[in-house]
Each structure stands twice: as C-alpha cells, then as structure tokens.
Amino acid sequence: MKFILNYIRKDTWSPYIAGILLGIVVILAVLLAKTLLGASGAFETLAGMIGKAISPKAFGTVYFDFIMPAGITWGVIQLVGVFFGGMLGAATSKTLKWGKKDAANSDAQWKRVFGPQTWKRWVLGFLGAILLEYGAGIAGGCTSGLLISGGSLLVPAAFLFMGGMFASGIITALIVYRKNY
Amino acid sequence: MNFLIAGILGLGFGFSLNKAGLTKYHRIANQFRFKDMMVMKFIMTALAVAMIGLYALRGLGLITFPTAPATYVVGNLIGGLIFGVGMSLVGY
C-alpha cells in the first residue's frame, strides 16, 4: 500500500504504467458510456455553441448541425475532467504551478529554443493550437480521439493520421532545431 | 449519470497524461527529435491495452463497438500533417 502511495507521488511514471491506465480508461468509456474518448471534438462543439449564439446564420452549416452538433456534449464534460485530472496529477507530485510566477512558461528547453519571454509562449501556443484544432477537424480526431481510440478499433484512419503527424512533426522539429536536431 | 461517468473518465485520462509527462513541452518536442521515446511508449501501450480489452469484450458479447472514426485517406493525411506542425511547435 505504501509503495502504491509513493508511486502516485512520483512526478513521472513509467510510460507503460501510465499507458495501461489510459488503456483501461478507453475500455471503460466504451463499456460504461458506449463512446470513444476524445479531446478535440469538445472544443468544436463548444465553439459551435458560442458561434450559434453570436451568429446563427454563419454557424448554421452542415458541420455544426450534424457532424459536430453544438452544445454541452459528453465530450465537453469529459474535457473538464481531463483538466482537473491533469491538475490532480500535478498536485499529487507537488509540481502544480497554479498562481506561481513562471506558471505559463516554465519549460527550460522551450526557453532555450524560443527565448525566455512569456508572451512568445502565449502567442506561439495560441497559433499552434489553431493548427492543432484545424488539423484535428480535417482528420476527424486528435491524438486521443483518432489515434488511441480509433487505433484500438483498428481503424485505418488512425494510422494514416499518425504517419502524417510524425512526418510534419519531424520536419517542424528539424526547422526549429536545425543543427541541434 | 452519463455525465458523471464522463467526468470520472476524464479525470483518469488527464491524470495518466500528466503522469506520463505529456503535459510538458520537452517531452513531445524530444519525441519528434527521437531523443526521448516516452510519448511513443505511452501511446503504444495504451493502444495495445485498449485493443486487447475491447476486442476481448466484444468477443465475449459484452459490448458492441461505437461508431468508429471515418477513414478518408486524403483528409486523414492532410489533417495529420497540419496537426503535426502544431504539436511539434506547441508541445501539448
């Protein structure tokens, strides 16, 4: 028992143990709620809901009516859970940076590559997240919704997505790191 | 009730991501530089466990598969290519 408690307090688990935990969560989602886990879809349904409130005409498209129906869906609640789950994970290993000075920009490697300014982190984070969400929208899911959930049902799309993700990710890393790659 | 399950499963999801270190920029960036294979080990373990579990449960007749993500080769690939740029830059 003490061993388990000590393990929970560790900052970084073995990826195999954490992976088994995520695999069990995916199985439970199908078993208990008959849905697949996902993260990017929830942002789209939320965006659709906000968009419909502001301009019902512009957001009355097939996409926001049928493909990603707007509203508080199962995925949105799950995403809230993900947020607090991440906080819980950080709190148990005492690395929670809520309200600390370097909370938004604490990664040493990021500072070395892009510079120490926090605004750069915010701007790049925002632009990169647009790319992430747009790409996930086209592909039909993100790393969790398409790659892990879809992959566990052996959907070909998951493996095509992984190929594309790694191809462009490696090229981007090559450009960013150049000779330090 | 369904939303309660969603919240609890979300907690487990976020917890495992945090403990695997996927919330840190250097982990994801170094995966694309092949200096740190944690992300790949994590994803593949989760995939293997979920795959075995889901197919076993379907074999026992306890579940039916939910609607799987659709496959449309060009869209999946282009989406993946755009996604990879963002993932490599931001590291989330």
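This is a short viewer tour of chain A, one pocket and one surface patch.

The model is predicted: local features need pLDDT of at least 70, side-chain atom pairs count only at pLDDT 80 or more, and totals for chains, interfaces and linings use all residues. Residues are numbered from 1 along each chain as its sequence is written, chains are lettered from A in the order in which they are written, and side-chain values use heavy atoms, without hydrogens and water.

**Stop 1: chain A.** Select chain A and show the ribbon. There are nine helices and zero strands (DSSP runs, H or I of at least four residues for helices, E of at least two for strands, numbered from the N terminus). The C-alpha atoms fill a box of roughly 50 × 45 × 35 Å along the principal axes. Of the 181 residues, 41% are buried (under 20% relative accessible area, 1.4 Å probe, protein chains only).

**Stop 2: the second largest pocket.** Select L36(A), L37(A), G41(A), M68(A) and G140(A). Among the 32 lining residues, these lie nearest the pocket centre. Now colour α3 (40–54), α4 (62–67), α5 (74–92) and α7 (118–139) of chain A, which each give two or more residues to the lining. The largest share, five residues, comes from α3(A).

**Stop 3: the surface patch.** Select I20(A), I24(A), L28(A), L31(A), L32(A), L60(B) and L62(B). Together they form a nonpolar patch with about 620 Å² of accessible area (Shrake-Rupley method, 1.4 Å probe; patch residues have over 30% relative accessible area and no salt bridge, meaning no Lys or Arg side-chain nitrogen within 4 Å of an Asp or Glu carboxyl oxygen, and nonpolar side chains are joined within 5 Å). Zoom in on I24(A), in helix α2 (residues 15–33) of chain A.

Terms used:
On a 1 Å grid over the protein atoms alone, a cavity is a set of points where a 1.4 Å probe fits but cannot get out, and a pocket is an open set with protein on both sides within 12 Å along at least five of seven lines; lining residues have an atom within 4 Å of a point. Patches are made of residues with over 30% relative accessible area and no salt bridge: like charges are joined within 9 Å, nonpolar side chains (Val, Leu, Ile, Met, Phe, Trp, Tyr) within 5 Å. Buried means under 20% relative accessible area, exposed over 50%, partly exposed in between (1.4 Å probe, protein chains only).
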